[in-house]
Each structure stands twice: as C-alpha cells, then as structure tokens.
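Thank you all for making time this morning. I would like to walk through one model with you, beginning with the overall fold and ending at a single residue.

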Amino acid sequence: MTMKLMFYEDEAQNLVEQYTLTEEQLRYTKSPKESIALAKQDNSRHAILAMDGNKLVTFFVLHEKEGVTPYSSNEQALLIRSFSTDFYEQGKGYAKTALQLLPDFVRKHFPYINELVLGVNVPNRAAQELYKRCGFVDEGRQAMGLRDELKVMSYYMKEVEN
C-alpha cells in the first residue's frame, strides 16, 4: 500500500463520483460530493483525498479558523471533518494509514498548526478506537453534531526532530 494525501482538484471528480458510502455511513458523515461543494464556497475548508495508487480510498476535510470553534478554543487547531472510507475499501487499513500520514501533511501545508481536533459520534465506537490507536486523546469534551452528541478528540502535533 503506497498511500498519499492530496488536496482535491476538479480532475479527481470522476473518482469522487465512484466513491461509495452506505446509508449507515451517511448517518455519521457528509458525502465527499457535499463536502467538496462546501469547500468550494469556503476557503477555510480543504477537501483531502487519500489515494492508494489511482484509487480514492479515504476522504476528509481539514477546516481552519471558525470551523474549529465549536470543538476547540485553540486558534492553531485544525478540524478534521467528514472523515470516511469508501465502503468497498473498508477493513483494509486505509483510514488508519491516512491518519498516520496526516501529521506530516499538516506540517508541510499548515506549518502553524499544533493540534488536530475532530468530533466523533458517541455511538461510533469503532471510529473512536481507531482515532485512539492513531494518537488522538479524549479529554472528556463533547459537542453537538448533526444528529448525535459528539466526543471531541485531539491530536497534539509534536515538534519534528531534524
């Protein structure tokens, strides 16, 4: 698996069209199409594609500035939202790998960021465990999501040793 993260560009639209989420997944997240439409209207949202070769396997949005406000008072935080893995690609480690690649991607493109924050639906235990395994911590904060209460989790960016 040689995964890489990249910013969405219109050339990838056909990949987004083929990306499949089930009704169950859509209870917890927005579709990439919806998220990309929002990102095109708001330059503080950045649609990110996690690619395995030429296959779009995982998708999420990095939201700066006011997007972070309901989750953290840290002005140097970046919110991860609409995180999903294509239904047909689930269980292959793509979400975990995308999260492991994320700190270096953020250091490169958002060098002023020192915290990644996300809200995960309280009933979505599998996602909470994944985030914990990838270094996110639950400090007991909660926020209200679209349908459910969200558990707020943070990943604190470490300085890279040169």
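If we follow the protein chain from the N terminus, its elements come in the order β-α-α-α-β-β-β-α-β-α-β-β, which amounts to 5 helices and 7 strands. Please keep in mind throughout that this is a predicted model.

Turning to overall dimensions, the C-alpha atoms fill a box of roughly 40 × 35 × 30 Å along the principal axes. The radius of gyration of the protein chain is 15 Å, and this agrees with a compact globule, because a globule of 162 residues would be expected to have a value near 15 Å.

As for the interior, 49% of the 162 residues are buried. When we consider contacts between residues at least 6 apart in sequence, 63% of them join residues that are at least 24 apart.

On the outside, the protein chain has an accessible surface of about 8,800 Å², and carbon and sulfur atoms account for 48% of that area. The chain carries 20 positive and 23 negative charges, and the mean positions of these two sets lie 4 Å apart.

Let me finish with Thr29, which sits in the loop between α2, residues 23-28, and α3, residues 32-41. Is Thr29 buried or exposed in that loop? Its relative accessible area is 10%, and because the cut-off for buried is under 20%, Thr29 counts as buried. Which residues does Thr29 contact, once neighbours within four places in sequence are left aside? They are Leu21, on the N-terminal side, together with Ser82, Phe83 and Ser84.

Terms used:
Residues are numbered from 1 along each chain as its sequence is written. This is a predicted model: local features need pLDDT of at least 70, side-chain atom pairs count only at pLDDT 80 or more; totals for chains, interfaces and linings use all residues. Side-chain values use heavy atoms; hydrogens and water are left out. Helices (H or I, at least four residues) and strands (E, at least two) are DSSP runs, numbered from the N terminus. The radius of gyration is taken over C-alpha atoms; the globule rule is 2.2 Å times the number of residues to the power 0.38. Buried means under 20% relative accessible area, exposed over 50%, partly exposed in between (1.4 Å probe, protein chains only). Contact means heavy atoms within 4.5 Å. Accessible areas come from the Shrake-Rupley method with a 1.4 Å probe; for residues, only the protein chains shown count as cover. Lys and Arg count as positive and Asp and Glu as negative; His and the chain ends are not counted. The place of a charge is taken as NZ of Lys, CZ of Arg, CG of Asp or CD of Glu.
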